[in-house]
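Visitor: I'd like a close look at one part of this model, please: the loop residues whose backbone angles stand out, and whatever lies next along the chain. Please walk me through it slowly.

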Amino acid sequence: MGCAVSRVTQNLILTLLGMAVLRISAFSATYLNYVKPGFRPFLIGAGTVLLILGAAGLVQAFRAGREASGQAHDRPPGRNPDHEHGQNLDREQRWNPDHEQDRPENHVPEHGHRENHAAGHGHPHGGPRVAWLMCLPVFAIFLIAPPALGSFAAARSETPPPRDRALSAFTPLDGGAGPVDMPVGEFIGRAWDDDSRSLTGREVRLTGFVVPSKKKGRWYVTRMQIACCAADAFPLKVAVRGIQAPPPDTWVEVTGTWIPQKFGTMPNGVVYPELAGTDITKVDTPQEPYE
């Protein structure tokens, strides 16, 4: 059996948890690995509340400890409260045959009486051992700091992205020279749902991380898309041909042109749009890794 959590320890863990939340939300952009940017004010508020509650609990616990210490020093010398307490219990437990309530069958065992008597005095007890689980997010944030979802999660999710864009949402592409920077999700939408086929012959540049493919001669440039947090993330993949695949999880900028599909209707299963790659550049992980 693990030890119970004392009041001081509970408040200390609460304080550390609040500091951990503030560390990833108020003083860095690490929170973007787990939630969308709009959640930052809520994280800062929650971290502040946890920090205040924990600090207030620590102050209260230290004050209570000082008061108890002061009462112990003020107690008259020569008296042992524990010894007197034990003598009183022994006197209470003596059996008097002249009294009905003291018959052996009505007599409470010594150890049970002492336990109940001690429990009735309101001695402070520790909190439940499950409270130690609050240490896990603190250790995870301060020691591990899990990164954003990568190729491991993307390779195990074959859910196609939802096609909720209206056809009129696709604005004409810039007619200037050079590749057009485009989110992976927009490229997928234009490849499948744009009747004007605006991607035809246009050079585009996609940014994402590398996910290997089981098929030879191709790999995926991928971004994860979230609606709320990393728990509901699903991958947006574009198959790249003509360029050798970098190591998995490498963030790259891939330049190339769309390969139009040759089938008339969408086949069953998951089908990813394809890009004929012409150039690739390794880049740093973006501050906001999700689309």
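Guide: Let's start with Arg197, which counts as partly exposed because its relative accessibility is 39%; buried means under 20%, exposed over 50%, and partly exposed in between, with a 1.4 Å probe and protein chains only. The model is predicted, so local features need pLDDT of at least 70 and side-chain atom pairs pLDDT 80 or more, while totals for chains, interfaces and linings use all residues. Residues are numbered from 1 along each chain as its sequence is written, and side-chain values use heavy atoms, without hydrogens or water.

Arg197 sits in the loop that runs from helix H7 (184–193) to strand S2 (203–212) (DSSP runs numbered from the N terminus: helices are H or I, at least four residues; strands are E, at least two). Although Arg197 is not a glycine, its phi is positive, about 50°. Most residues other than glycine have a negative phi.

Asp249 makes a good companion to look at. Also not a glycine, Asp249 has a positive phi near 75°. Its loop lies between strand S4 (234–241) and strand S5 (251–259). With a relative accessible area of 40%, Asp249 is therefore partly exposed.

So, for your tour of the backbone, there are two stops: Arg197 in the loop between H7 and S2, and Asp249 in the loop between S4 and S5. Arg197 has the phi of about 50°, and Asp249 the phi near 75°.
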